[in-house]
Amino acid sequence: LQDIIPQPLLDQYLSMTDPARAQTVDTEIAKHCAYSLPGVALTLGRQNWHCLKDTYETLASDVQWKVRRTLAFSIHELAVILGDQLTAADLVPIFNGFLKDLDEVRIGVLKHLYDFLKLLHADKRREYLYQLQEFVVTDNSRNWRFRYELAEQLILILELYNPNDVYDYLRHIALTLCSDKVSEVRWISFKLVVAILQKFYANNANALGLNFINELVVRFRHSSKWVGRQAFAFICQVG
């Protein structure tokens, strides 16, 4: 119970996730419910999140991927509303589920990956370093916009991690994306490579920067393929 909005109105909203209603009233009703949930959460306030928690979990496991996709696109907004403690307890498990979902759902998480990760505590955020590599693999390899979005997000995410973590985890992803079959993905990845180098030298991690430069020289400057040598020229141009 709460006293922010009329209880019958809230009860009516919560009942929209009932599968029987979806079958008899409107097959899209769960999607509409998912779309408006952040607004309802904002209205109720984080102190009344308990009123919505079960409904949110029900929607997050809905059999329709469009419902899960809708929640994936707004989970970062809900995290801001709920604060770090409730996010860690109630949203992170659902976020982790979305990471393993269909590409249509994962893209919602990916588009706002930086916005969500920056709200987590450093130790919790560090756990995702191991999972970022999974975004390189998609259900459909032709879905190049997914990899493009990953490169764009990684440029932002660099600020959330220390130089050693960037070198150990994000560097490998950047190099993989630099060799992508699609030129648009390669081009944004060159910007990512330069951003990584800037990260190293801005934090006085000169040894890491030099190692990375040497790796770029070996991999691209001395590549037997012209595309590799072209990539090195583009990286120099961006830098």
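A residue is called buried under 20% relative accessible area, exposed over 50%, and partly exposed in between. Those three words recur throughout the tour below. The model is a predicted one.

Start with the overall fold. The chain has 13 helices and zero strands. Read along the sequence, its pattern is simply α repeated, from α-α-α at the start through to the end. The C-alpha atoms fill a box of roughly 70 × 35 × 25 Å along the principal axes. Of the 239 residues in the chain, 48% are buried. Contacts reach across the sequence: among those between residues at least 6 apart, 67% join residues at least 24 apart.

Now the surface. The chain exposes about 12,300 Å². Carbon and sulfur atoms supply 53% of that area. The chain carries 26 positive and 27 negative charges. The mean positions of the two sets are 11 Å apart.

Next, the cysteines. A disulfide is a covalent bond between the sulfur atoms of two cysteines. A search of the whole structure finds zero of them. The cut-off for a pair of cysteine sulfur atoms is within 2.5 Å. Take Cys-33. The closest cysteine sulfur to its own is in Cys-51, 14 Å away, so the gap is too far for a bond. Cys-33 is also buried, with a relative accessible area of 0%. Cys-236 has a partner problem too. Its sulfur is 12 Å from the closest cysteine sulfur, in Cys-178, and therefore too far for a bond. Cys-236 has 47% relative accessibility, so it counts as partly exposed.

Move to helix H4, residues 53-60. Its buried residues include Thr-55, Tyr-56, Leu-59 and Ala-60. Seen down the axis of H4, the buried residues fall within an arc of 135 degrees, so they line one face of the helix. What covers them includes helix H1 (7-14), helix H3 (29-44) and H5.

Helix H5 spans residues 65-99. Two of its residues make useful stops. The first stop is Arg-68, placed in H5. Arg-68 carries a charge that counts as positive, yet its relative accessible area is 12%, so it is buried. Leaving aside residues up to four places away in sequence, Arg-68 touches Leu-59, Ala-60, Asp-62, Val-63, Phe-98, Asp-101, Leu-102 and Val-105. Two of those names, Leu-59 and Ala-60, are buried residues of H4.

The second stop is Leu-91, also in H5. Its relative accessibility is 0%, so Leu-91 counts as buried. With residues up to four places away again set aside, Leu-91 touches Trp-49, Tyr-56, Ile-75, Leu-78, Ala-79, Leu-82 and Leu-86. Tyr-56 in that list is a buried residue of H4. Leu-91 and Ala-41 are 50 residues apart along the chain, and their C-alpha atoms are separated by 13 Å.

Past the end of H5 comes a loop. Lys-100 lies there, between H5 and helix H6 (103-111). Lys-100 is exposed, with a relative accessible area of 63%. Its C-alpha atom and that of Gln-131 are separated by 9.9 Å, although the two residues are 31 apart along the chain.

Further along, look at the loop between H11 and H12, where Asn-204 sits. Asn-204 is not a glycine, but it has a positive phi of about 60 degrees. With 67% relative accessibility, Asn-204 counts as exposed.

Helix H12, residues 206-221, ends the walk. Which of its residues are buried? They are Leu-208, Gly-209, Phe-212, Leu-216 and Phe-220. Seen down the axis of H12, these buried residues fall within an arc of 95 degrees, so they line one face of the helix. That face has neighbours. The buried residues of H12 pack against helix H10 (163-178), helix H11 (183-202) and helix H13 (226-238). On the other side of H12, Ala-207 and Val-218 are exposed.

Definitions and conventions
Residues are numbered from 1 along each chain as its sequence is written. This is a predicted model: local features need pLDDT of at least 70, side-chain atom pairs count only at pLDDT 80 or more; totals for chains, interfaces and linings use all residues. Side-chain values use heavy atoms; hydrogens and water are left out. Helices (H or I, at least four residues) and strands (E, at least two) are DSSP runs, numbered from the N terminus. Buried means under 20% relative accessible area, exposed over 50%, partly exposed in between (1.4 Å probe, protein chains only). Contact means heavy atoms within 4.5 Å. Accessible areas come from the Shrake-Rupley method with a 1.4 Å probe; for residues, only the protein chains shown count as cover. The place of a charge is taken as NZ of Lys, CZ of Arg, CG of Asp or CD of Glu. The arc is that of the directions from the helix axis to the C-beta atoms.
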